[in-house]
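Please open the structure in your viewer and keep the selection panel at hand. The tour below proposes what to select at each stop and describes what is found there.

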Amino acid sequence: MADGYRYLQQSAGNHFYPQQYTANHHARQQIIRNSTPPNNLRSAFSTETPSPSRSPDSHSPAPNSYAMYGPGHSGQPVRVPGRQPQQNMMFNYPHAHQQQHQQHHANTQHDHSSHPTNGSVLGHHAHYSSGVLSNATPSFTPSNLQNGHTSTTRGGQAQAITEYWAEQMRLHKESETANQSMVEHGAPNHFARARAGENRGLTTSADTGSTDENSEDRSRPYRQEMVKRQDWHSMDISGQGLKVLATPLFDYVFLSELYIASNRITRLPEAIGQLRYLTHLDASFNLLTELPKELGMCVYLKKLLVFNNRIETVPYALGALHQLEQLGIEGNPHLDPDIKSAISERGTKALIKELKESAPAPAPPQERKWITLQDGLPSASNETIKVASFNILCDRACTQALYGYTPDSDLEWETRRENVLKEILTIDADVISLQEVDTDTHYEFLSPKLAYHDYKGIYWPRPRSKTMLEKEAKRVDGCAIFYKGSKYILLDKQLIDMANVAINRPDMKNQQDIFNRVMPRDNIAIIAFLENRITGSRIIIVNTHLHWDPKYADVKLIQTAIVMEKVEVLAEKWTKRSACTDREKKAGLMDENGIPETNFANFTPSMEYSSNTQIPLIVNGDLNSTTGSSVYDLLSKGSVKPNHRELSQYQYGNFTKNGIDHPFSLRSAYTALEKTPDRLQFTNYVPNFRDVIDHIWYSTNTLELTSLLGGVDPEYMKTVPGFPNHHFPSDHLLIASEFSVKARKEKKVHAEPDFGPSSRRRD
């Protein structure tokens, strides 16, 4: 059936909450999937799941006050405001515990009276005197909204009610009704009841990212799922009389809706920031005095309702909630009048934007530290090389639509590019690979600025720039490699246009997957072949930026295969390259205003290599691939078989017929920290994705890893919803490694033994 199976006493679809302990209901917590008939109607939610509230054991003889359905109800169908009653949702509520309920309700009323704030924080129809909020927008009653469009201030002067405040009061009225149902009538879990008949089938976690296929290529795994599929994503523990939210609640990081209204909670824990996928949070009718700044981590919130609490102000951190549509604050008698006025006159979105743009600059994080590796003996060679990789997030991709949690001033390219330059110069790498560098930025900013610091560079934009007018072509991003000119000579450089290489391979000309999946992605890799001016050693630097979308894992694999295939051919070619002359090595070392140096004795002849695997190799960049992906497997293991899950269902010529391999012994530098406290947690950090997708791979037979640039201070990250921000100019981290070049092992030449004249007699 299209609507799935129906059951008479169906629990709230996609909700989790404790149920009433009665003779007619088992105490276990149940989740019934609407689209699939359960094997057992009594199938229960695992009792081993951490309980978000202080619930008694399911077999405990103690009465359970966390009831799904409270006593004393008339058996009327559950009704959602604005909707017809659900035809199959009739319930007969037990009256066995009527005396217990009356006692509980009496206790609740006693607790309410202990709070002098306008009658009761948990009251249902309290009207606050306008004197409490002098110089603020008047308090509007529901009756005003029903009978007209104006409200009267204390002085009798009429004031128009804006559409923003009308919506505020509508939601407040609904919240009052829900509170009355739960507190006065002893029926907790009001919101789960109201939603019980609305859900049809299974749903997954909330949609937190754009899915527009025609949108600009973000060049990052923006839509990659962070959590496994869940059959429920909402939780209702409202009306339970809770005073504290237990820590296990915040282990449910997949939650998109959380209802904790009509309790006696005095504070929201800092751990609320772990629920990064929340879109709806209702904490109305509690005893909250403040909102934690960690709420700013929940950037997908659309409704944040805190009606009838004791909140006085709103933290600047809530400025990150750029998708927030409604901040429910009515019924907080001591709230800052400016906040109430802003919502009434300009709406929630205007308030949030004002908080974001006017927030003071956050405290800077601790400086990222270099981690020296102690495993392994020091190399006999004194030659070292420090390399870095950085996706700088080009101006065209940095929009408020994608990074709305960041103030406009921190997204401006003039500000970000200065911070990018500062990070590059702070690292002081010998070679640095940059991704998402547009043409204008390279030639007008980075290249001239870095030239003052001894850097020379090579650059190519994406191939699409060839089809555009000059003005538009300047905004197309590409890849750049900068190297210290006083240390290295550029022997050769190459561009790999992956799509062009793929469609021109003889074995792929008739493959539909090449034309439909690989060819439309204009990703590139650039290669620099360098020689050390002093030692004569040579090195190959590969900088690449692979496709971003996780749905195209096969495309990333083919792109990587094409790059490694090309590197293998070039390395073989470069083993035969002739040695550089002393004059070539000397070029660029002389000071134009100084005395030319004539001592060439410091320069060692160019090193010779007998095979392509003997040349030191660095493959780095934004690979948009995590551990366990086919790209990672190919680089680390040297091969991918045709039956690999990310390759087997496609047709890519010899790659799918014979598999993919390469001859190099490669290792990702940051795997050295994998099982240590310094393990790198992420290189790409946005609200819906946090993982390591940028890598520095090195040839283990020629290079020895000596140190790594560490991650970001964990304490600082607790209140950062995503990058870029004031201190980090890109959504990617700059990563860096330092290596020593292993000494060459020359083959020993053994003299042929002389056995003297032969003692063999002639016949």
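**The largest nonpolar core**

In this predicted model, begin by selecting Val431, Leu434 and Phe739, which touch the most other members of the largest nonpolar core, a group of 53 residues. Next, centre the view on leucine 434. Beyond the residues up to four places away in sequence, leucine 434 touches Phe390, Ile392, Ile424, Leu446, Gly478, Cys479, Ala480, Phe482 and Asn543. Apart from this core lies another, of 45 residues; to locate it, select Ile489, Met564, Tyr609 and Tyr632, which are among its members.

**A residue in a loop**

Now select leucine 734, in the loop between helix 17 (714-717) and strand 25 (735-741). Is leucine 734 buried or exposed? Its relative accessible area is 1%, which is under the 20% limit, so leucine 734 counts as buried. Display its surroundings: leaving aside neighbours within four places in sequence, leucine 734 is in contact with Arg368, Ala388, Ser389, Phe390, Glu423, Ile424, Ile427, Ile432 and Leu709. Then add valine 420 to the selection. Leucine 734 and valine 420 are 314 residues apart along the chain, and their C-alpha atoms are separated by 9.3 Å.

**The six-stranded sheet**

Switch to a ribbon display and find the open sheet of six strands, whose order is 14-15-16-17-23-20 and whose pairing is mixed. Colour strand 14 (488-497) and strand 20 (666-668), which stand at the edges. Each has a single partner strand, so one side of each is left without a neighbour in the sheet. From one strand to the next, the twist averages 20°.

Within the sheet, select strand 15 (residues 524-532) and strand 16 (residues 538-545), which pair in the antiparallel sense over seven bridges. Here leucine 530 stands opposite isoleucine 539 in strand 16.

Which strands does helix 13 touch? Select residues 553-574: helix 13 packs on the sheet and touches strand 14, strand 15, strand 16, strand 17 (617-622) and strand 20. Its direction makes about 145° with that of strand 14. Then move to helix 15 (residues 630-637), which lies across strand 20 and strand 23 (694-699) and runs at about 20° to strand 23.

**The whole protein**

Finally, zoom out to the entire model. The protein contains 17 helices and 25 strands, and of its 763 residues, 53% count as buried. About 36500 Å² is exposed, with carbon and sulfur atoms supplying 48% of that area.

How values were computed:
Residues numbered from 1 in each chain as written. Predicted model: local features only at pLDDT ≥ 70, side-chain atom pairs only at ≥ 80, totals over all residues. Heavy atoms only, no water. Pairing = 2+ DSSP bridges. Helix = DSSP H or I, 4+ residues; strand = E, 2+ residues; numbered from the N terminus. Axes fitted to C-alpha atoms, helices over the stretch in contact; angles between N-to-C directions. Contact = heavy atoms within 4.5 Å. Buried < 20%, exposed > 50% of the residue type's maximum accessible area, 1.4 Å probe, protein only. Core = buried A, V, L, I, M, F, W, Y, C linked by side-chain atoms within 4.5 Å. Areas by Shrake-Rupley, 256 points an atom, 1.4 Å probe, with all protein chains shown as cover.
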